[in-house]
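Please walk me through this model, beginning with the overall fold and ending with the spaces inside and on it.

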Amino acid sequence: MKFKFYYRYLYTLNPSVQFGGIQVPDQTLEIIMQDLDQKIMKIFTREVSASAKDATQKSGIDKLLPGVTIDDFLFNPCGYSMNGLLKGGYYITIHITPEPLCSYVSFETNIPQESYHELISRLLRTFHPGKFIMTILANKLSLAINTHNEFHCAEFRNYCRTELQFCRFKNYDLTYTLFAKASS
């Protein structure tokens, strides 16, 4: 019998208060989606989309967060990457590998929110993943500091939570969750 081991590493920096410490709100939401709908993934190929802007509009990425300034790129023959900026110095980034055997979408943002449920729901409606991992890392000054409570009872239509972990560090809290499509 063979076992596969997957290692995840988290590196943290805990600046000393003596040297300024963390005095501003800080948070990062990351969602990693796998086993994606191939009809949607086809959008991120030159076969279906003529340009990055075309892929951005066809997929609905341009509607995920109102007011975002998007810089996108469609690779040849397939693949997609976008970076977006919002007022206040906030960002979003999306990277897509659309190939059927290894379809993958990563989403990351530092937008401060008390709840990410609606944003996550929009992402799920946009990409239809078979499974997804969410992490939120937030410091004590962030609006997102209590989102771990939300993740403990979060429900997303057609998905079941299979893992949940919470870690408290000196300056940050980290919540990790794994969801998979529910059996029909």
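The paragraphs below go from the whole chain to the sheet, then to the helices, and last to a cavity and a pocket.

The model is a predicted one. Its chain holds four helices and eight strands. Along the sequence these elements follow one another as β-α-α-β-β-β-β-α-β-α-β-β. The chain has 184 residues, and 42% of them are buried. Of the contacts with a separation of 6 or more, 58% are between residues 24 or more positions apart.

The sheet comes next. The eight strands make an open sheet, and its order is E2-E3-E4-E5-E1-E6-E8-E7, with antiparallel pairing. At the edges stand strand E2 (69-74) and E7; each has a single partner strand, so one side of each has no neighbour in the sheet. From one strand to the next, the twist averages 10°. Strands of a sheet pair through backbone hydrogen bonds, in either a parallel or an antiparallel way.

Several of these pairings can be followed bridge by bridge. Strand E4 (residues 90-97) pairs with strand E5 (residues 104-109) through six bridges in the antiparallel sense. Within this pair, threonine 93 has glutamate 108 of E5 as its bridge partner. Further along the sheet order, E1 and E6 are antiparallel and share eight bridges. Here leucine 29 is matched with isoleucine 136 in E6.

On its other side E6 meets E8, and nine bridges join this antiparallel pair. Two of the matches are lysine 131 with alanine 180 of E8 and threonine 135 with tyrosine 176 of E8. E8 also pairs with strand E7 (residues 159-168), again antiparallel and over nine bridges. In that pairing, cysteine 160 has alanine 180 of E8 as its bridge partner. Alanine 180 is thus bridged to lysine 131 and to cysteine 160. E7 and E8 are connected in sequence by a hairpin of three residues.

How much of E8 is buried? Eight of its ten residues are, so the strand is largely enclosed by the rest of the structure. E6 is mostly covered as well, with seven of nine residues buried. In a regular strand, side chains alternate between the two faces of the sheet.

Now to the helices that lie against the sheet. Helix H2 (residues 52-59) lies across E2 and strand E3 (80-86), and its direction is at about 110° to that of E2. H3 also packs on the sheet, where it touches strand E1 (27-34), E4, E5, E6 and E7. The direction of H3 makes about 25° with that of E1.

Which residues of helix H3 are buried? In this helix, residues 117-127, they are Leu119, Ile120, Ser121, Leu123, Leu124, Thr126 and Phe127. An α-helix has 3.6 residues a turn, so residues three or four places apart point the same way. Just after H3 comes histidine 128, which takes a positive phi of about 50°.

Histidine 128 is also one of the residues that line the second largest pocket. This pocket holds about 260 Å³ of space. Besides His128, its lining includes Ser121, Leu124 and Arg125, along with Phe156, Arg157, Asn158, Tyr159, Lys181 and Ala182. H3 supplies the largest share of the lining, three residues. By type, the lining residues are four nonpolar, three polar and three charged. Ser121 and Leu124 are listed among the buried residues of H3, and both take part in this lining.

What remains is the enclosed space. There is one cavity of 30 Å³ or more. The largest cavity has about 30 Å³ of space. Its lining is made of Ile136, Ala138, Ala144, Ile145, Thr147, His148, Asp173, Leu174 and Thr175. Strand E6 (131-139), helix H4 (147-153) and strand E8 (172-181) are the elements that give two or more residues to this lining. Which element gives the most? E8 does, with three residues. Five of the lining residues are nonpolar, three are polar and one is charged. Ile136, which is the bridge partner of leucine 29, is one of the residues in this lining. E6 and E8, joined by nine bridges, thus both contribute to the cavity wall.

Definitions and conventions
Residues are numbered from 1 along each chain as its sequence is written. This is a predicted model: local features need pLDDT of at least 70, side-chain atom pairs count only at pLDDT 80 or more; totals for chains, interfaces and linings use all residues. Side-chain values use heavy atoms; hydrogens and water are left out. On a 1 Å grid over the protein atoms alone, a cavity is a set of points where a 1.4 Å probe fits but cannot get out, and a pocket is an open set with protein on both sides within 12 Å along at least five of seven lines; lining residues have an atom within 4 Å of a point. Grid points are joined across faces, edges and corners, and a volume is the space filled by probe spheres set on the points. Ala, Val, Leu, Ile, Met, Phe, Trp, Tyr, Cys and Pro count as nonpolar, Asp, Glu, Lys and Arg as charged, and the others, Gly among them, as polar. Buried means under 20% relative accessible area, exposed over 50%, partly exposed in between (1.4 Å probe, protein chains only). Two strands pair if DSSP finds at least two bridges between them. Axes are lines fitted to C-alpha atoms, for helices over the stretch in contact, and angles run from 0 to 180 degrees between N-to-C directions. Contact means heavy atoms within 4.5 Å.
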